[in-house]
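The following report describes one protein chain for a reader who is new to structural biology. Please look at the sequence and the model before reading on.

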Amino acid sequence: MPYTLEHTLPLSSFPYALAFSPDGSLLALATGDKAASVQLVRLRDGALLPAPRFLRRDLAFAPDGSLFVAGTSVQRFEVGGAKVSPARCALPGHPKALTHIALSPNGLWALVTRYLEDVTLWHLG
């Protein structure tokens, strides 16, 4: 089966994290660009969608399609259509935005690493 290149996305800074939405329709990037640190791309046409704009180090999609972004804190956003809702919750992160996140496949658990401090397990139930 031949592979087909669909889109090429220009980058203005190093991407720290990449994630596909659960339904495969969106790509989220966390970059070091202070003006556009989180980018959401609609894959069918390569369009950039509005996204949270603050320094982030990592991101992950939950099975329900909500987007978790990690920096000085971890915040959860609802992604619907061509917009992102205000943050629904926040978990503590590293003060220098050196935070990473991993979500369980069922969306009930989050692991948060805070640089060299610790790894915390959160129930999102």
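Which residue in the hairpin of β3 and β4 takes a positive phi? It is Gly-46, with a phi near 75°, in a hairpin that has four residues between the strands.

This is a predicted model, in which local features need pLDDT of at least 70 and side-chain atom pairs count only at pLDDT 80 or more, while totals for chains, interfaces and linings use all residues. Residues are numbered from 1 along each chain as its sequence is written, and side-chain values use heavy atoms, with hydrogens and water left out.

**Strands β2, β3 and β4**

Helices (H or I, at least four residues) and strands (E, at least two) are DSSP runs, numbered from the N terminus. Two strands pair if DSSP finds at least two bridges between them. Strands of a sheet pair through backbone hydrogen bonds, either parallel or antiparallel.

Strand β3 covers residues 38–42, and four of its five residues are buried, so β3 is largely enclosed by the rest of the structure. Here, buried means under 20% relative accessible area, exposed means over 50%, and partly exposed lies in between (1.4 Å probe, protein chains only). Strand β2 (residues 26–31) runs antiparallel to β3 and is joined to it by five bridges. Strand β4 (residues 47–49) is also antiparallel to β3, with three bridges between them. Val-41 of β3 is the bridge partner of Leu-27, and Val-41 also has Leu-48 in β4 as a bridge partner.

A salt bridge is a side-chain nitrogen of Lys or Arg within 4 Å of a carboxyl oxygen of Asp or Glu. The count by this rule is one salt bridge. The side chains that meet in a salt bridge are those of Arg-42 and Asp-45, at 2.9 Å from N to O. Arg-42 is partly exposed, with a relative accessible area of 21%, and Asp-45 is likewise partly exposed, at 38%.

**Two open sheets**

One open sheet has four strands in the order β5-β6-β7-β10, with antiparallel pairing. The edges are formed by β5 and β10 (89–92); each has a single partner strand, so one side of each is left without a neighbour in the sheet. Neighbouring strands of this sheet are turned by 15° against each other on average, direction ignored. For such angles, axes are lines fitted to C-alpha atoms, for helices over the stretch in contact, and angles run from 0 to 180 degrees between N-to-C directions. Within this sheet, four bridges join β6 to the antiparallel strand β7 (residues 73–77), and Ala-70 stands opposite Val-74 in β7.

Another open sheet has three strands in the order β11-β12-β13, again with antiparallel pairing. Its edge strands, β11 (99–103) and β13 (118–123), each pair on one side only. The average turn between neighbouring strands of this sheet is 20°, direction ignored. Six bridges link β12 (residues 109–114) to β13, and Thr-113 stands opposite Val-119 in β13.

**Two serines in loops**

The table sets out two loop residues. In it, a polar contact is a pair of N or O atoms within 3.5 Å; within protein, one must be able to donate a hydrogen and the other to accept it, and residues adjacent in sequence count only if both atoms are side-chain atoms. Contact means heavy atoms within 4.5 Å.

| Residue | Loop | Relative accessibility | Polar contact of its side chain | In contact with, beyond four places in sequence |
|---|---|---|---|---|
| Ser-21 | between β1 (15–20) and β2 | 7% (buried) | backbone nitrogen of Ser-25, 3.2 Å | Leu-26 and Phe-61 |
| Ser-104 | between β11 and β12 | 17% (buried) | side chain of Asn-106, 2.5 Å | Pro-63 and Trp-109 |

**The nonpolar cores**

A nonpolar core is a set of buried Ala, Val, Leu, Ile, Met, Phe, Trp, Tyr and Cys residues joined through side-chain atoms within 4.5 Å. How many residues does the largest nonpolar core have? It has 14 residues, and those with the most contacts inside it are Ala-28, Val-38, Leu-40, Leu-59, Phe-61, Leu-67 and Val-69. The elements that give two or more residues to this core are β1, β2, β3, β5 (58–61) and β6 (67–70). Strand β2 supplies the largest share of this core, three residues. A second, separate core has 10 residues, including Ala-60, Ala-62, Ala-70 and Ala-110.
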